[in-house]
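Visitor: Could you take me slowly through one part of this protein, the sheet and what packs around it? I am in my first year, so please explain the terms as you go.

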Amino acid sequence: MTSTILRYPIHTLSISLCQRTFRLTAVRSVDDLLTESTSADDIPFWAVPWHAAIGLCQYLCENRHLVRGKRVLELGTGLGLCGIVARWLGGEVTLNDYQPDALEFALWNASQNGVQDIQTLLADWRHFPDVEPYDVVIAADILYERRLHQTLKKVISRTTSAHSRVLLADPWRDTAWEFIVEMERAGWQVDFTEHVARLLDSQQDVIVFNLRPPQ
Ligand SMILES: C[S@@+](CC[C@H](N)C(=O)[O-])C[C@H]1O[C@@H](n2cnc3c(N)ncnc32)[C@H](O)[C@@H]1O
């Protein structure tokens, strides 16, 4: 474990997915990290796991062909769980976040699960670098900010090709549906599945959208 991680009040969760147990080191509570001067942009949403990530991982476990042998980009990875599961299922995975500490936790979480050869991309969606298109772009709970929707549409179109898939998981926020409607208007084809995600002592319904680019 690195000195960066040890600076935080942490705990390690056991999460059952794909018929194995994954260990996930997380910060105990986001509240512990907030100060009076924390700006909206700096709220450390990356530091705890979200139900949407569990729902997306369940979907990946049930549809492993979607990531096996594919180049996979996870946007807004946080603690890295979905990318780690995608790598464990045989994807070539790059984890993106704009918070360096998130990527440090994610790499630690990969290593403590025996998952290796994961790439990271420290980048803000608002200044995203040019990349080779990925076969699959995945993301859990990143659609909560309306003001980032146009930015995310651009990131998705710049990181995908006509043959890519985009898998987005969300706990039924109105903002997610608004984003999906905009994508459908832009010609994307969307299917969805519903999942029950259990995390610590709580459970939440999560929807996973499977988007295919306009042809
Ligand atoms: C609600 S958290 C979800 C984390 C993880 N996907 C999960 O479901 O557990 C949103 C994530 O998006 C990242 N994020 C937010 N704004 C971003 C931006 N402009 N560029 C890159 N990442 C961003 C945050 O740092 C955080 O890790």
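Guide: A residue is called buried here if 20 or more other C-beta atoms lie within 10 Å of its own, exposed if 12 or fewer do, and partly exposed in between. By that rule, buried residues make up 38% of the 215 residues in the protein chain, and please keep in mind that this is a predicted model. The secondary structure of the chain comes to 6 helices and 9 strands. With 215 residues, a compact globule would have a radius of gyration near 17 Å, and the 16 Å of this chain agrees with that. Along its principal axes, the C-alpha trace spans about 50 × 40 × 35 Å.

Now to the sheet itself. Strands of a sheet pair through backbone hydrogen bonds, either parallel or antiparallel. Here an open sheet of 7 strands has the order β5-β4-β3-β6-β7-β9-β8, and its pairing is mixed. Strands β5 (119-122) and β8 (189-199) stand at the edges with a single partner strand each, so one side of each is left without a neighbour in the sheet. On average, neighbouring strands of this sheet are turned by 20 degrees against each other, if direction is ignored.

Let us walk across the sheet, beginning at the β5 edge. Strand β4 (residues 92-97) runs parallel to β5 and is joined to it by 4 bridges, and in this pair L95 has T120 of β5 as its bridge partner. Between these two strands comes helix α4 (residues 100-112), and β4, α4 and β5 together make a right-handed β-α-β unit. On the next step, 4 bridges join β3 to β4, again in parallel, with R71 having E92 of β4 as its bridge partner. The chain crosses from β3 to β4 through helix α3 (residues 81-88), and this β-α-β crossover is right-handed. Strand β3 also runs parallel to β6, to which 3 bridges join it, and there E74 stands opposite I138 in β6.

Further along, the pairing changes direction: β7 and strand β9 (residues 202-212) run antiparallel and are joined by 5 bridges. In this pair, V166 stands opposite L211 in β9. Helix α6 (residues 174-185) packs on the sheet, where it touches β7, β8 and β9, and its direction makes about 160 degrees with that of β8. One residue of helix α6 is E178, which is partly exposed, because 13 other C-beta atoms lie within 10 Å. E178 and L143 are 35 residues apart in sequence, yet their C-alpha atoms are 9.2 Å apart in space.

A second helix shows how a buried side and an exposed side can be told apart. In helix α5 (residues 149-159), the residues L152, V155, I156 and T159 are buried. Seen down the axis of α5, these buried residues fall within an arc of 95 degrees, so they line one face of the helix. On the other side of α5, Q150 and R158 are exposed. Among what covers the buried residues of α5 are the strands β3 (71-74), β6 (134-140) and β7 (160-170).

One last figure concerns the whole chain again. Of the contacts with a separation of 6 or more, 64% are between residues 24 or more positions apart.

Notes. Residues numbered from 1 in each chain as written. Predicted model: local features only at pLDDT ≥ 70, side-chain atom pairs only at ≥ 80, totals over all residues. Arc of directions from axis to C-beta. Contact = placed C-beta atoms within 7 Å. Pairing = 2+ DSSP bridges. Axes fitted to C-alpha atoms, helices over the stretch in contact; angles between N-to-C directions. Rg over C-alpha atoms; globule rule 2.2 N^0.38 Å. Right-handed = clockwise from strand over helix to strand, strands pointing away.
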